Structures are given as C-alpha cells and as structure tokens.
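Dear colleague,

I am passing on the structure we talked about, together with a short account of what I found in it. Please read the notes below alongside the coordinates.

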Amino acid sequence: MKRFVLLLVALGLLIASAPAQAAMRVDIYGPGQNSVNLALADPLTGPSQPAGNMGRELQKLIQQNLSFLPFMRLTDPKAVLGGTLLPGYEPPNVDFKRFQLAGSDVVVTTVWPSGDSGTKAVQIRAFETNTGGRLFGKEYPRVSSRDLPEVADRFCADLLEVLTGSGAFFRSTLAFVKKSGKLTADVWTVRPTGRDLRKVTNIGGEAMSPAWSPDGRFIVFTLIDKKSHSLGVWDRKSGKTQRVRFPGNVVIGPAFTPDNKVAVALSKGKYPVIYLLNHSFQKERVLEEHNSINVSPTFDSTGTKMAFTSSRMGGPQIFMKDLTSGSTVRVSKNGGYNTEANLSPDGTLVTFSRMTDYGHRIFVQDMVTGLERQVTFGPGSDEQPSFCGDSYFIAFSSSRGGTRGIYLTTRHGGDAKQVPTGGGACYFPRWGMPQ
Amino acid sequence: MKRYALILALVMALAAGFGCAKKTSDEGTLTDDMSPEMRAAIQQITDGRVLFAFDKFDIKPEYKEMLKAKADLMKQFPSVRVRIEGNCDERGTQEYNLALGERRARAAYEYLVMLGVSPSQLEMISYGKENPAVQGTGEAVWSQNRRDDFTVVAH
C-alpha cells in the first residue's frame, strides 16, 4: 500500500509538471456560490476503444462521489452531440465544442493504456472546455478492482482541490456513534460517501461525542455506563480502546486541540469546567470556568479560538473565547436554547443547533460579518453539526428519516444528503483525516 | 492434589456465601435475606422520584418532604449506599443534558447532605436524556423524564 501511494505521488508529480494551461476556480465559499457543469467522457483503453468492466465501475464510483458535491452538475451524456465516446483522451482528440454545447465547463477523460482487466494503470485528466486547458492529470498505477473506490476518492479529492482549493471532503473519514440498545452505543467510522463503514469499538456502555485527533490516530469520546462517566480513547494503530477515569461525575464533549491535546468538560465543584488535558490525559489547566454549565469545547485550526456552550446567561448559549487574551464574547444572539457549537477550522464560522418549536435546527454564525444563517430546516430534529476540514461541508445528525441518521449540508445550506451508515440510530458525526 | 482442590473449592464457596458483612445486591433489587425493615427502607428510598421543570435543576418544594423521608432512612441505615441518577427529557441536546442531569443529581445530593446524610452514602451520575423512564413525546411524557432516580447500590 505504501509503495502504491509513493508511486502515485511520483507519477502525479510527473503528470502535474507538464504545463496545465487553465486556472479555473469555483468559488464555493462566497455568497454568490458558483456551480460547475462536468461531463465524464467514456473511459477508454485506446483510441475510440471503450473500456470494460473496471473502467465502467470506476466511472460509476466517480459519478457517485461527485453527486455529493452540491455545486457540481453532471452533464447528461445524451445531451452531448456526437456522444461521450471520444477518439482520444487529450487534445487534439477531444472535441471540446460538443461539451461546450451541452453546457459543460469541465470534461474528464479516463484511459487505461494497457487495458482494464487485472491490475493496470489508469490515467485521468480534467480539461476546461472553454480553453481546452488541462486542469488536472494523474496516473494511478497498478489498479485492481479492489482499489477502484480508493482511486475514485483520490481523483475526486484532487479534482476538488484544483477547483475549490481543498480536497478535504474526499480525504476525510467521519467518526460517529451508533446505538444498539439502552445505554449502549459504539463508535463507527465511514467515509462521507458511505464507503469503508467500520465499527471501531466494542464497549459495554454508551459512547457519545467522538472526536478525531488531528493526526488521525485517536478517537476520544465520552463513555457512559450504568455507574460512571469516563473518557474513551480508541487507538487506530492498535485497534484498542482504553478508559480514562477522572474524579467527579461527568466527562462531557471531548475535543482535540490542534497540538493533539484533549479539552473536555469535567467536574469541579458544582459545575462542569472545561479542562485541557496533557498528552497522558491528565488535567493540565482550566480553559473555562464559570458558575454555570460550560461544556462542548471546539477549536479553530490555530488553537487560539475556542467556542463552547455556557448557561451563564440563563439558558444555554454559544460563546467564543480568545485563548490568547482570555476575552469571551457571546456568539448566538437569537433563540433561548443554542448548543453544540462547532468552529470552522478557519475560525470564521460557528455552526450550532438551536431549539425551535419544530425541533432543533442548524445555524451558522459568521464571525466576520456578524450574520447568522439557518442551514437546515428539518423535518424532525437536526443536531450535532460538525465542520469538515474545508470549512465548507457540515455533517449533522437528523431524525428527518424516522431513525436518526447522518446527513451532509454546506455552510450555505441547501439540500441535505444522507451518508449511508448501514441502518441503526446514528449520532455525533465528526470529521477526521486519518493518514 | 485432588483433595486440596476440593477443599479450596469448598472454602471459596463458603466465602462467597458468608464472606461479606456488607452485601452488595444486584442494584435496586430486594433480596430474601434482608430484614423487613431494610426491605421497606430500600423500597421507600428507591420509589419516589424528584421531578424538575425544563432546563431547571432546583428542587421544587413538593419534593422536600420526600427527600427528608429518604434522608431519615439513610441515616437509620448507614450501610445503605444510594446512587442519585439525574435525567433529562428528550428535547435538549445530549452534551448539555449530561451537564444538566448532573446538576439535578447534585441538587438532590446537596439537599440530602444538608439533612445530615453522610456523603459516603451517596454517589451521583447523569444519564442526560439517554435513560428515559417513559417513551413518547409531549409534556406528560417529558415531565416524567426530567427526574432524579434513587438506586440503592449497597446495603
């Protein structure tokens, strides 16, 4: 696997070093978000030679992946005059005009130069139809049918990075919890596209609030059994889970800081206090203490900003603390019950859930403009929002489908898409990037 | 060797039967070997729940008599150890409810200690909204789930 990755990187660099003429960018962050129309040319094994099963399967996987991008519109092949079977995979054998006429901004070509049976290399290129300039090109060597999902994810991550500046979505893995009974829930992981679904813990008790370490090695979580709370720590390297116990009664909402330390709400006197733990999971110092409930810390990628939930003004509201100056400001301005803050990695947005007459809904507070935006509208109750590393996608849990499931939306809102998690009530999606 | 193993097994069986002066039963269950007074006390300690208003953790006046009765029994039977379990209804969110449930358990804990119960007889846990007493929605259900339960964990 390591060799595969190394070769991939090397070949990617080789192809990328050839001049890419275009610099098309899709602004997915601004208020007038763009969309991009993308056409997939039929996969080839040679000039006008359509690929076989593996080629078609990879094409299908790429299509499935791209359907998760709300700003991406896939061109219907029937709308392309002359069809999508091309005489070649790069200019001058790609007729960009036919794709332009179909409204496509980008066309993707795939070629398996040595055929697509067994273990073979595949080259994928993306061109801007307006200029014919190449946006992206990479060869993925020694691809077997088992590798196809990974190749589809890698290609989509690369393409997304070229178009938007971040490929984090396809490089991420969500941690979440799945309930299997009263006070029983385990931690699972899944790619946002639904692939690689895995149960990673097998514990007696209920896991809540999983959080990835920045290096992707650990998942920490609250673990509740009949008698006590503890901090669960799952190590991806060993596959084992350990329980860390603390004096007092609560262990609530752990989160990693960018330097791989854990912040968590623990008992101290009458109210929970947000502590920073050291690398041995022992209390290092207090991050937030007040004569009120203070839980659910979340950090930006610099570790200097911490958002959290506090009842200091009566009902629960979202606050932001500058950990350098120590100053704290209230983030949520409307509603009487705002909880479950999650700070975007770039530190500019806070997403949180607000209790409404119709259940909880997800909101995004822009810390730069001060504007608030509602990004989910039910039905059911939408909770536990979590920003992807790109500060664009938001995962959340919702009861809109009857059983609680994991869904995706963006900082702009729009139609939510469900992440396939294999049934069962699923909660607390949290993004991570295991290496 | 066989005889030694047999004796060891007999000793262990005897120890299991008679070894504990303070017996820990299955939590919350009454056993046959209890005195009638102890059975009645455990029943009374575990029976009454303290209910709370939404997002509140103050003990309402109507529950103070009930807590006093529990306190008197715990003082009468100092071997009794009770776990106070704080719970919330389904409307709040899970992490905040864990903290709120702890505040509810702590409110009863502090009241019992104020009435003279030894802190060593008490422990607390919050289940947040994970352990509802009644399933369903609507205020009639929610009001029953915003509660403190009392479980005798040792006697």
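**Strand pairing around S29 of chain A**

S29(A) and strand S30 of chain A, the latter spanning residues 413-418, pair in the antiparallel sense through 3 bridges, and please bear in mind throughout that this is a predicted model. The connection from S29(A) to S30(A) is a hairpin of 2 residues, and across this pairing A:Tyr407 stands opposite A:Gln418.

S29(A) also pairs with strand S28 of chain A (residues 393-398), to which 6 bridges join it in an antiparallel arrangement; here A:Phe393 has A:Thr410 as its bridge partner. S28(A) and S29(A) likewise form a hairpin, with 6 residues between them, and in that turn A:Gly402 has a positive phi of about 95°.

As for its surroundings, S29(A), which covers residues 405-410, is mostly covered, with 6 of its 6 residues buried. A:Gly405, A:Tyr407 and A:Thr409 point one way from the strand, whereas A:Ile406, A:Leu408 and A:Thr410 point the other way, and all of them are buried.

**Where chain B meets chain A**

Turning to the interface, 18 residues of chain B are in contact with 27 residues of chain A. On the chain B side, helix H4 (94-114) and strand S3 (122-128) each supply at least two of the residues that touch chain A, and the largest share, 9 residues, comes from H4(B). By class, this side of chain B is made up of 7 nonpolar, 4 polar and 7 charged residues.

With best regards

How values were computed. Residues numbered from 1 in each chain as written. Chains lettered and ligands numbered in written order. Predicted model: local features only at pLDDT ≥ 70, side-chain atom pairs only at ≥ 80, totals over all residues. Contact = placed C-beta atoms within 7 Å. Helix = DSSP H or I, 4+ residues; strand = E, 2+ residues; numbered from the N terminus. Nonpolar A, V, L, I, M, F, W, Y, C, P; charged D, E, K, R; others polar. Buried ≥ 20, exposed ≤ 12 C-beta atoms within 10 Å, placed from the backbone. Pairing = 2+ DSSP bridges.
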